[in-house]
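Okay, hi everyone, thanks for making room for me today. Let me put the structure up, and then we'll walk through it together.

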Amino acid sequence: VINGQKTGVRFTNHDVSGNREFAITHNEITNSTEEGIYGTQNTNASISFNNVTKNKNGITIRGTYTTPFIESNNFYDNNSYNIYMSSANYGDVNALNNWWGVSDTQSIADKIWDYQDDVSLSRINYEPFATSEISEAGVQ
């Protein structure tokens with residue numbers, strides 16, 4: 001349970017080969033004043049089965065080769081964005097089978113900042129998405 005931090009979880013890698021991987025799984029990440037999860041610097045993380053709610057941004061992605069795989073999480077009630085890509089990236093990010101608190105594509109897209117909002121950024125691929133909350137997510 002990670003509650004009330006500036007940033008809930010931060011993953012980074014200063015190894016330019018980018019061959020380190022992280023798993024962020026089964027967490028409750030809430031009430032962060034900035035982002036629930038922040039990824040930067042050539043990292044590949046597997047982010048799955050988390051409840052990421054009530055943060056400024058659910059996830060912020062920054063860095064040229066930062067391409068996490070985001071699957072089977074619940075994202076809702078984040079103040080600004082559920083996913084915010086803050087700088088150019090050389091690869092699209094897959095965020096599949098997540099529950100976004102709603103089940104219509106326009107509402108989901110409105111809470112994701114990516115290529116659709118700034119053409120210098122990569123795409124966040126969010127389809128297919130879950131049509132209801134993922135009960136296996138969060139602390140088990």
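So, how many aromatic pairs does a search of the whole structure find? The search turns up four. And before I go on: what you see on the screen is a predicted model, so please keep that in mind throughout.

When we talk about two aromatic rings, we describe the pair by the distance of the centres and the angle of the planes. Let's try that on Phe75 and Trp100. Their rings are 5.0 Å apart, centre to centre, with 15° between the planes. Planes under 30 degrees apart count as stacked, and that is what this pair is called. Now look at where the two residues sit. Phe75 belongs to strand β10, residues 74–76, while Trp100 is in the loop between β12 (93–96) and α1 (105–110), so the pair ties together parts that are 25 residues apart in sequence. And both Phe75 and Trp100 are buried.

Compare that with Tyr81 and Tyr84. Here the ring centres are 5.6 Å apart and the planes meet at 35°, so we call this pair tilted. Tyr84 is partly exposed, with 25% relative accessible area. Those two tyrosines also have company: together with Trp113 they make up one aromatic cluster.

Let me stay with Trp100 for a moment. Which residues does Trp100 touch, if we don't count those up to four places away in sequence? The list is Phe75, Tyr76, Asn82, Ile83, Ala95, Ile108, Ile112, Tyr126 and Phe129. Trp100 shows up again when we look at the largest nonpolar core, which has 24 residues. Within that core, Ile37, Ile70 and Trp100 touch the most other members. Strands feed into this core too: β2, β6 (44–48), β8 (57–62), β11 (81–85) and β12 each bring at least two residues. As background, nonpolar side chains tend to be buried together in soluble globular proteins.

Okay, on to the sheets. One of them is an open sheet of five strands with parallel pairing, and the order is β2-β5-β8-β11-β13. Which strands stand at the edges? They are β2 (7–11) and β13 (112–113); each has a single partner strand, so one side of each has no neighbour in the sheet.

We can walk across that sheet. Starting at β2, four bridges join this strand to β5, residues 35–40, and the two run parallel. One detail to find on screen: Phe11 has Gly39 in β5 as its bridge partner. Further along, β8 and β11 pair in the parallel sense, over four bridges. There, Ile61 has Met85 in β11 as its bridge partner. Then two bridges join β11 to β13, again running parallel, and Ile83 stands opposite Ile112 in β13.

While we're in β8, have a look at Gly58, which has its place in that strand. Gly58 is at 0% relative accessibility, so we count this glycine as buried. Ignoring neighbours within four places in sequence, Gly58 is in contact with Glu35, Gly36, Ile37, Val52, Asn78, Tyr81 and Asn82. You've met two of those names already: Ile37 from the core and Tyr81 from the tilted pair.

There's also an open sheet of four strands, parallel as well, in the order β1-β4-β7-β10. The edge strands there are β1 (2–3) and β10, each pairing on one side only. In between, β4 (28–30) and β7 (51–53) pair in the parallel sense over three bridges, and Glu28 stands opposite Asn51 in β7.

Asn51 leads us to Asn74, which lies in β10. Is Asn74 buried or exposed? With 0% relative accessibility, Asn74 counts as buried. The side chains of Asn74 and Asn51 are joined by a polar contact of 2.7 Å. Beyond four places in sequence, the contacts of Asn74 include Asn50, Val52, Thr53 and Trp99.

Last stop: Lys56, in the loop between β7 and β8. This lysine is partly exposed, at 33% relative accessible area. Leaving out neighbours within four places in sequence, Lys56 has several contacts, among them Ser32, Thr33, Glu34 and Tyr81. And Lys56 and Thr30 are 26 residues apart along the chain, with 9.5 Å between their C-alpha atoms.

That's my tour, so over to you for questions.

Key:
Residues are numbered from 1 along each chain as its sequence is written. This is a predicted model: local features need pLDDT of at least 70, side-chain atom pairs count only at pLDDT 80 or more; totals for chains, interfaces and linings use all residues. Side-chain values use heavy atoms; hydrogens and water are left out. Rings of Phe, Tyr and Trp (its six-membered ring) pair if their centres lie within 6.5 Å; planes under 30 degrees apart count as stacked, over 60 as edge-to-face and the rest as tilted. Buried means under 20% relative accessible area, exposed over 50%, partly exposed in between (1.4 Å probe, protein chains only). Two strands pair if DSSP finds at least two bridges between them. A nonpolar core is a set of buried Ala, Val, Leu, Ile, Met, Phe, Trp, Tyr and Cys residues joined through side-chain atoms within 4.5 Å. Contact means heavy atoms within 4.5 Å. A polar contact is a pair of N or O atoms within 3.5 Å; within protein, one must be able to donate a hydrogen and the other to accept it, and residues adjacent in sequence count only if both atoms are side-chain atoms.
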